[in-house]
Number of protein chains: 2
Amino acid sequence: MRLSRYFLPTLKEDPKEAQIVSHRLMLRAGMIRQSSAGIYSWLPMGYNVLRKIEAIVREEQNLAGAQELLMPTIQPADLWRESGRYDDYGKEMLRIRDRHDRDMLYGPTNEEQITEIARASVRSYRDVPKLLYHIQWKFRDEVRPRFGVMRGREFLMKDAYSFDIDKAGAVHSYNRMFVSYLRTYSRLGLRAIPLAADTGPIGGDLSHEFVILADTGESEVFCHKDLLTFDPLAGDIDFEGDLQPIVDHWTSLYATSDDKHVPADCPVPEGDLVQRRGIEVGHIFYFGSKYSKPMNATVQNQDGEIVPLEMGSYGIGVSRLVGAIIEACHDEAGIVWPEAVAPFRVGLINLKVQDAEVSAACEDFYGKLRKAGVEVLYDDTDERAGAKFATMDLIGLPWQVTIGPRGLKNGIVEVKNRKSGAKEELSLDAALNRFAG
Amino acid sequence: MRLSRYFLPTLKEDPKEAQIVSHRLMLRAGMIRQSSAGIYSWLPMGYNVLRKIEAIVREEQNLAGAQELLMPTIQPADLWRESGRYDDYGKEMLRIRDRHDRDMLYGPTNEEQITEIARASVRSYRDVPKLLYHIQWKFRDEVRPRFGVMRGREFLMKDAYSFDIDKAGAVHSYNRMFVSYLRTYSRLGLRAIPLAADTGPIGGDLSHEFVILADTGESEVFCHKDLLTFDPLAGDIDFEGDLQPIVDHWTSLYATSDDKHVPADCPVPEGDLVQRRGIEVGHIFYFGSKYSKPMNATVQNQDGEIVPLEMGSYGIGVSRLVGAIIEACHDEAGIVWPEAVAPFRVGLINLKVQDAEVSAACEDFYGKLRKAGVEVLYDDTDERAGAKFATMDLIGLPWQVTIGPRGLKNGIVEVKNRKSGAKEELSLDAALNRFAG
């Protein structure tokens with residue numbers, strides 16, 4: 001993409017409404033624009049990152065055996081009256097009346113809707129297990145939305161739901177998602193730790209939240225220091241097999257949020273306890289028949305008995321992750337994208353667009369990178385060098401390649417790693433091979 | 001995907017609420033489930049098709065030089081007060097009041113919202129042309145929603161918006177989308193024709209709608225018979241170049257909808273005029289400064305004058321296309337997917353799952369197809385043969401491969417083309433090469 005054509009309205013000044021660094025950087029880098037309080041338009045570069053995260057979440061859900069569908073944003077209130085949550089949910093639920101005066105709502109979550117879908121077609125033990133998910137916009141009418149996409153009103157969430165015949169099956173489904181989540185965060189370039197969690201308004205018996213560590217995180221996390229050295233989960237995993245040992249390993253050490261941490265009761269010796277700031281980026285729940293019972297979602301087991309479906313739900317905040325990643329990955333100059341979610345891998349800087357030789361070399365380099373399938377943003381504008389470097393640092397592409405008249409005389413370009421700041425002088429060919437080799 | 005695990009709740013009976021064939025077949029094939037009037041959940045197979053269509057639309061938009069962003073579903077009413085459409089839009093607009101009693105709405109279209117985005121950052125002639133699009137769910141509160149996804153209340157639309165400095169630029173942007181639309185429909189396996197159209201509530205100076213021909217279509221189209229023999233637009237197109245000759249070619253012959261067709265005024269001799277049924281699947285508009293003027297979206301031209309942006313908008317009904325394709329592509333037994341949007345390319349039928357040799361051959365075939373990247377749905381259930389064939393015909397995968405004990409003795413499988421019905425007996429290897437070669 002040529003920067004001269006790209007719709008990337010960066011800001012020179014810090015927007016004063018932004019209280020946290022991810023919000024500030026997303027506005028400055030032209031990733032989002034506020035539509036109304038807590039509601040954002042995702043401009044091309046922001047949407048690019050959002051879609052990359054979404055694609056990784058989707059791939060990992062599919063690998064874990066979950067099937068994708070899509071439930072609508074607008075739900076009938078009657079479904080929520082069946083579960084009893086319509087009155088409970090309070091003012092965070094955006095309630096709507098349609099032209100025929102029917103009570104509707106913009107879904108804040110989808111337990112009721114998926115239970116209705118399951119009860120209509122899941123009848124026998126042969127129809128389960130089923131793990132179904134969707135990636136859909138939700139709405140929670142926060143009283144004081146802030147922190148940008150970290151706590152927006154309209155937000156994108158991946159929510160999965162499991163249906164099993166009994167508790168053992170449900171725990172296996174739970175474990176699938178537990179393992180899948182660890183893999184997902186690791187692919188996104190993040191270190192996530194699971195915390196035993198309260199079940200809150202979703203309800204249920206078993207729950208973990210996943211937090212990523214970031215100095216600017218919203219809450220305190222207390223955990224055993226060894227948990228921070230666990231190897232990330234990667235490679236092939238048999239999701240049909242027994243996942244309990246992996247779950248046991250990752251829950252073997254103390255890890256909890258500040259609201260549950262009681263120093264006097266903490267089993268970890270002081271020297272082994274670390275305190276870090278973290279951001280919640282996922283939450284999983286096993287809640288048995290909490291919804292299937294009132295909504296009459298039943299199934300015939302192998303003994304011919306009709307039993308309520310055993311269910312769980314599993315959420316990842318996809319739009320929230322964009323902000324969370326920036327909180328975890330930035331420096332004073334701007335964003336530092338992990339390669340997996342960077343909007344472009346390479347930023348190519350033409351230091352002097354009026355110089356025909358420099359521009360020809362840039363065009364050639366740009367064309368070759370594109371041909372090799374490398375995502376590259378080519379700064380072909382006539383801004384001055386300092387502004388170009390500042391913009392590239394701000395938007396945080398992993399690699400910067402700078403071509404200017406002085407280096408080009410010796411066939412040399414500069415390659416900079418955004419994260420380490422390390423600079424190398426390479427020949428044009430060597431630089432090309434670095435990315436397109 | 002194994003059918004035994006797939007969430008595909010097909011129906012044996014015709015659902016009585018469905019008045020048109022696409023609605024009936026989508027319900028029967030387990031593609032959608034109604035959530036409330038005019039609002040549907042997309043079950044895995046339906047969502048698979050929707051995403052394939054979406055991907056083709058996206059690719060073609062990008063090729064035409066449009067940039068993707070995403071605007072939220074919920075918009076502030078004040079934006080629509082600026083353009084004057086808030087009161088005009090009537091009861092089809094879903095109006096919402098949030099917890100702070102602010103007037104909001106679920107966007108039925110996005111002219112106002114994109115104009116607000118453009119006016120905030122497009123300032124100079126160097127910032128244009130810009131072609132921006134999003135693929136987002138919209139809501140129109142139809143008084144009597146029916147015809148399934150063909151006229152739902154919550155629907156997925158691709159809407160693009162162009163911003164230019166003057167009319168010549170705007171017409172070029174219009175032509176980009178005109179050409180891009182013809183390419184898009186052609187890639188989807190559809191014959192589309194452009195009709196000169198009224199501009200309706202969007203307003204403006206120039207407009208075409210695109211209809212695809214289907215015997216069960218919703219409206220009548222009158223056109224010169226030669227228009228039906230035009231070659232589809234494919235291959236490389238230079239979207240920077242002059243597209244007017246292509247547009248002129250496709251608009252050179254008479255084509256209009258029944259509400260504009262006046263037999264006495266028709267310039268086409270009776271023998272050359274054909275009357276067909278059609279379905280609208282796209283609509284494009286050039287409307288100059290209709291929104292930019294009241295909303296004060298201006299730009300400085302090369303002479304230093306401040307002028308309103310010249311705009312157009314361009315819509316494709318993505319979820320509607322799923323229904324439209326079925327209307328155009330079905331027979332008495334069910335859906336007949338064009339290859340480009342089929343949920344799976346091959347349906348593999350195991351005629352006797354209790355037969356170890358048959359099942360081993362099926363597993364082997366299934367594994368090899370998957371390894372070669374062929375999308376295959378493997379019917380590994382213990383249903384009887386007749387039911388399996390009926391389901392495969394109903395869901396309309398382009399190719400069916402049947403493996404049974406009799407053929408397998410001679411190393412033979414049956415390959416059926418869903419569209420022509422033609423059957424071939426092939427060796428296992430030859431069948432494999434057909435799809436994975």
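**Cavities**

I started with the empty spaces inside this predicted model, and I found that the structure holds 4 cavities of 30 Å³ or more. I then looked up the largest cavity, which has about 250 Å³ of space. Its lining is made up of 21 residues. I noted the ones closest to its centre: Y47(A), E54(A) and W137(A), along with Y47(B) and E54(B). It was nice to see names from chain A and chain B in that list.

**Where the chains touch**

Next I asked myself how many residues each chain brings to the contact. I wrote down 58 residues from chain A and 58 residues from chain B. Between them, chain A and chain B bury an area of about 4900 Å². Carbon and sulfur atoms give 54% of that area. On the side of chain B, I saw that F7(B), L70(B) and R99(B) lose the most area to chain A, and together they account for 15% of what that side buries.

**Charges and polar pairs**

I looked for salt bridges and got a count of 6 between chain B and chain A. One that I picked out joins the side chains of R5(A) and E240(B), with 3.4 Å from N to O. I also looked up polar contacts across the interface, and the rule finds 26 residue pairs, both residues being at pLDDT 80 or more. Sorting the side of chain B that touches chain A by class, I got 28 nonpolar, 20 charged and 10 polar residues.

**Symmetry**

Last, I laid chain B on chain A. A turn of 180° with a shift of 0.0 Å along the axis does it, and the RMSD is 0.0 Å. The two copies are therefore related as by a two-fold rotation axis. Which residue of chain B comes closest to the rotation axis? I found I96(B), at 2.9 Å by its C-alpha.

I kept one more note about the surface used. Of the interface residues of chain B, 100% are also interface residues in chain A, so the copies meet through the same surface.

Conventions:
Residues are numbered from 1 along each chain as its sequence is written. Chains are lettered from A and ligands numbered from 1 in the order in which they are written. This is a predicted model: local features need pLDDT of at least 70, side-chain atom pairs count only at pLDDT 80 or more; totals for chains, interfaces and linings use all residues. Side-chain values use heavy atoms; hydrogens and water are left out. Contact means heavy atoms within 4.5 Å. Buried area is the accessible area (1.4 Å probe) that two parts lose on being put together, summed over both. A salt bridge is a side-chain nitrogen of Lys or Arg within 4 Å of a carboxyl oxygen of Asp or Glu. A polar contact is a pair of N or O atoms within 3.5 Å; within protein, one must be able to donate a hydrogen and the other to accept it, and residues adjacent in sequence count only if both atoms are side-chain atoms. Ala, Val, Leu, Ile, Met, Phe, Trp, Tyr, Cys and Pro count as nonpolar, Asp, Glu, Lys and Arg as charged, and the others, Gly among them, as polar. Copies are superposed by least squares on the C-alpha atoms of residues with pLDDT of at least 70 in both. On a 1 Å grid over the protein atoms alone, a cavity is a set of points where a 1.4 Å probe fits but cannot get out, and a pocket is an open set with protein on both sides within 12 Å along at least five of seven lines; lining residues have an atom within 4 Å of a point. Grid points are joined across faces, edges and corners, and a volume is the space filled by probe spheres set on the points.
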